Amino acid sequence: MVRKNEIRAGELAIAPPPATDASLVFIGSIHTPWTSRLDTPRQGRIDGPICKIKIFEPWQRALDGIDQYERLEVLYWLHQSRRDLVLQCPAHDGVARGTFSLRSPVRPNPIGTSIVALVGIEEATLLVRGLDCLDGTPLVDIKPDRCAFTPLAPPQPGDFETG
Ligand code: SAM
């Protein structure tokens, strides 16, 4: 069973330090068929339902060129997550693990990421498959999938080897 906000046996919650203001701005909103965390897939599937990513002004011009990519990396803010667990017990096995060894939505900064298939563009709305978030989830960023992305600048000394 997916967590609502309860703490399970073996989990450890801490008192988080005061927030530092990174001036995060939500650049859009994500619209999916899911209104309950209990029904939302744990990871998106490329053959999942078509979802909509609406980009707000003044960021709509930042979509220029995005149509050349079939796959995008989407970053979003899992806004209903608690943020204070350092040890968590996944529902399926009940074994406590460190938050950074899990893809749980419960994390100090609840950023979710998915690789999605871009299936259409309607003005400032992207139609995608592959998401796993609630309807109304705030959008943090969109990037081309790193596997498909060719940097515009030539390689520089010290760049990572890409094999
Ligand atoms: N694919 C992302 C990742 O790996 O970073 C998120 C994975 S997380 C396991 C997906 C789960 O987060 C969903 O099954 C749902 O229970 C929960 N979730 C989805 N949207 C959420 C939101 N806006 N706030 C809090 N929890 C959310």
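This report covers the ligand site, one buried threonine and three backbone features of a predicted model.

## Ligand site

The ligand occupies the largest pocket. Around the ligand there are 20 residues, and those that come nearest are P41, Q43, R103, T113 and D132. Strand β7, spanning residues 111-122, supplies the largest share of this shell, with three residues.

Polar contacts to the ligand involve both side-chain and backbone atoms of the protein. On the side-chain side, a polar atom of H79 is 2.9 Å from a nitrogen atom of the ligand. On the backbone side, an N or O atom of Q80 lies 3.0 Å from a ligand nitrogen atom, and a polar backbone atom of R37 is 3.3 Å from a ligand oxygen atom. The ligand taken alone exposes 600 Å², of which the protein buries 95%.

## Surroundings of T137

T137 belongs to strand β9, which covers residues 137-144. Its relative accessible area is 1%, and because buried means under 20%, T137 counts as buried.

The side chain of T137 has a polar atom 2.7 Å from the backbone oxygen of L134. Leaving aside residues up to four places away in sequence, T137 touches S29, I30, Y76, W77 and H79. Of these, H79 also appears at the ligand site, where a polar atom of the H79 side chain lies 2.9 Å from a ligand nitrogen atom.

## Cis peptide bond

The peptide bond that joins E57 and P58 is cis, with omega at about 10°. P58 is placed in the loop between β3 (51-55) and β4 (71-77).

## Positive phi values

S23 is a residue other than glycine with a positive phi, near 55°. The loop that holds S23 runs between β1 (12-13) and β2 (28-31). S23 has a relative accessibility of 52%; the cut-off for exposed is over 50%, so S23 counts as exposed.

E123, also not a glycine, has a positive phi near 55°. E123 is found in the loop between β7 and β8 (125-129); strand β7 is the element that gives the ligand shell its largest share of residues. Is E123 buried or exposed? With a relative accessibility of 79%, E123 counts as exposed.

Terms used. Residues are numbered from 1 along each chain as its sequence is written. This is a predicted model: local features need pLDDT of at least 70, side-chain atom pairs count only at pLDDT 80 or more; totals for chains, interfaces and linings use all residues. Side-chain values use heavy atoms; hydrogens and water are left out. Helices (H or I, at least four residues) and strands (E, at least two) are DSSP runs, numbered from the N terminus. Buried means under 20% relative accessible area, exposed over 50%, partly exposed in between (1.4 Å probe, protein chains only). A polar contact is a pair of N or O atoms within 3.5 Å; within protein, one must be able to donate a hydrogen and the other to accept it, and residues adjacent in sequence count only if both atoms are side-chain atoms. Contact means heavy atoms within 4.5 Å. A residue is near a molecule or strand if one of its heavy atoms lies within 4 Å of it. Accessible areas come from the Shrake-Rupley method with a 1.4 Å probe; for residues, only the protein chains shown count as cover. On a 1 Å grid over the protein atoms alone, a cavity is a set of points where a 1.4 Å probe fits but cannot get out, and a pocket is an open set with protein on both sides within 12 Å along at least five of seven lines; lining residues have an atom within 4 Å of a point. A molecule sits in a cavity or pocket if more than half of its atoms lie within 2 Å of its grid points.
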